Amino acid sequence: EKELFLMFSHNPLMGVLAGTLLTLLVQSSAATVGLTIALGVQGLLPLHAAIPIILGDNIGTTITAVLASIGTDRTAKQACAAHVLFNVIGVCIFLTILPLYQELIAMTATGIAHQIANAHTLFNVFNTIIFLPFVKPFAALIRRLLPDKAHKVVEGAQYLDPKLIEATPGIAVEAVKNECAYMGFLVIHLLDSVQEVFFNDKKDLIPKIEETEAKIDQLHKAVKAYAEDIMQAGISDDAARVLTLYVASSGNIERIGDYAVNIQEKAVELYEKEAAFSDIAKNELQLLDSALEQILTRTNDAFENDDIALARQVEPLEEVIDILVEKLRDGHIKRLKDGICSIDTGVVFLDVLNNVERISDHCSNVAARLVGTSEGDDYDSHTLKSLMHHNPSKEYSLMYEECCKEYLTPLAAMEKEA
């Protein structure tokens, strides 16, 4: 290694080559810098010969990024190319002013060890300063060398037009919102079909349910991929915050679809066991289904129309659904103990309650983020619940009472009749 350095040290280009080759071999710029300093301290390598080796070291160190980018996606390869070109172009610039740079480094310290270390540090500092005004053109150059992966048109997507990303990213963000609203529309119709299977034994709708749920899953993946492309195209901080809301809402909607299908599967399980709910259990589930349909519709309408007032009405209803589920769970466990309902129907009933509760929670998540984003915050469901429950507004209390009258009062009447 020492002989390699000394052989190439008399020619700046050979010095750069020596520094590059050694760093490529050891995959450690620190090792190359350390060896250069050691040779300098021993008097074997003068400063004018050491600086080109340090410049070459900065090219060689990019090998780690190149190796890391193997097998990665296009974005990672673009980042790697930017790293390599940043250092290569920087070295070329510094070679043109090498005598001046050597004089500057000589003035930074009296000992050659510090001078070599300063040459390494100042190269990176000055190179960064030089590149800062040219970040956008540099990014354009990287994209020209390694073009972005073509945006695919997603089958079934209604609004995710790839052309919008390059032309008008702001409108592309709005397209994500519209696609999420469309997903909400699909979920509502999915739940309608699930209700028909569950309450009216319309098993012929099961293929349609499975097809719709698969489409919702596909659209959720498309929304995430489309949003990533928008972020890469560059949007404002406010637009990025709104886009994050839409992607999170897409995830919640997709999970609602999964839980709706779970309910359908429980209905099939019940039919296969030739079991049936008691009349009181059916009436209770229909009451719960009515509340579920209302919270889904309320959530989707609030999201689609940016209706913050309507979004605030979701949480009181979600709280009532939680209470309703808990009361139904307790009542059904009592019926199981009394032998009114079978074990088979009991297990299915409780599983349905769990799935309804989770759907309600995801509706709450969507509404909470909508409310939080409108106020400049990023509320999650739990934060919003805590704020509302510990210090409920008059509006919240009134809406909660209204929901209690609509769902808990009829349940109390059913319990009395039973």
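This section describes the side-chain contacts of a predicted model.

The largest nonpolar core holds 79 residues. Within this core, V176 and L324 touch the most other members. Helix α11 (169-200) gives the largest share, 16 residues. Other elements that give two or more residues are α12 (206-233), α13 and α14. The list continues with α15 (308-311), α16 (314-338), α17 (343-374) and α19 (394-417). Neighbours within four places in sequence were set aside for the contacts of L324. On that basis, L324 is in contact with L287, L288 and A291. Its remaining contacts are Y407, L408 and L411. Apart from the core of 79 residues lies another core. This other core has 20 residues, among them V16, V33, L47 and L98. In soluble globular proteins, nonpolar side chains tend to be buried together.

Aromatic contacts were examined next. The count comes to 9 aromatic pairs. One of them joins F86 and F131, with ring centres 4.8 Å apart. Their planes meet at 55°, so the pair is tilted. The angle falls between the limits of 30 and 60 degrees that bound the tilted class. F86 lies in helix α6 (residues 74-96), and F131 lies in helix α8 (residues 112-131). The pair therefore ties together parts that are 45 residues apart in sequence. Both partners fall under the 20% limit for burial. F86 is buried at a relative accessible area of 18%, and F131 is buried at 10%.

A second pair is formed by Y246 and F303. Here the ring centres are 5.7 Å apart. The planes stand at 75°, so this pair is edge-to-face. Y246 belongs to helix α13 (residues 237-272), whereas F303 belongs to helix α14 (residues 279-305). The two rings thus tie together parts that are 57 residues apart in sequence. Y246 and F303 are both buried. Elsewhere, ring pairs link F198, F199, F277 and F349 into a cluster.

Charged side chains also lie over aromatic rings. K203 sits over the face of Y271, at 4.9 Å from the ring centre. R335 sits over the face of F349, at 5.7 Å from the ring centre. F349 is also a member of the cluster with F198, F199 and F277.

R335 also takes part in a salt bridge. Its side chain meets that of E284 at 2.8 Å, N to O. R335 lies in helix α16 and E284 in helix α14, so the bridge ties together parts that are 51 residues apart in sequence. R335 and E284 are both buried.

A search of the whole structure finds 11 salt bridges. Among them is the bridge between R329 and E326, at 2.9 Å, N to O. Both residues lie in helix α16, 3 residues apart. They are therefore separated by about one helical turn. R329 is buried, at 16% relative accessibility. E326 is partly exposed, with a relative accessible area of 37%. Salt bridges that share partners also join K266, E269, K273 and D351 into one network.

The side chains of E196 and K202 meet in a further salt bridge, at 3.5 Å, N to O. E196 is partly exposed, with a relative accessible area of 27%. K202 is partly exposed as well, at 39%.

Cysteines were checked last. The structure holds 0 disulfides. The sulfur of C80 has its closest cysteine sulfur in C92, at 17 Å. That separation is too far for a bond, because a disulfide needs sulfur atoms within 2.5 Å. For C92, the closest cysteine sulfur is likewise that of C80. C80 counts as buried, at 10% relative accessibility. C92 counts as partly exposed, at 45%.

Note on methods: Residues numbered from 1 in each chain as written. Predicted model: local features only at pLDDT ≥ 70, side-chain atom pairs only at ≥ 80, totals over all residues. Heavy atoms only, no water. Phe/Tyr/Trp six-rings, centres within 6.5 Å; stacked < 30°, edge-to-face > 60°. Helix = DSSP H or I, 4+ residues; strand = E, 2+ residues; numbered from the N terminus. Buried < 20%, exposed > 50% of the residue type's maximum accessible area, 1.4 Å probe, protein only. Lys NZ or Arg CZ within 6 Å of the ring centre and 35° of its normal. Core = buried A, V, L, I, M, F, W, Y, C linked by side-chain atoms within 4.5 Å. Contact = heavy atoms within 4.5 Å. Salt bridge = Lys/Arg side-chain N within 4 Å of Asp/Glu carboxyl O.
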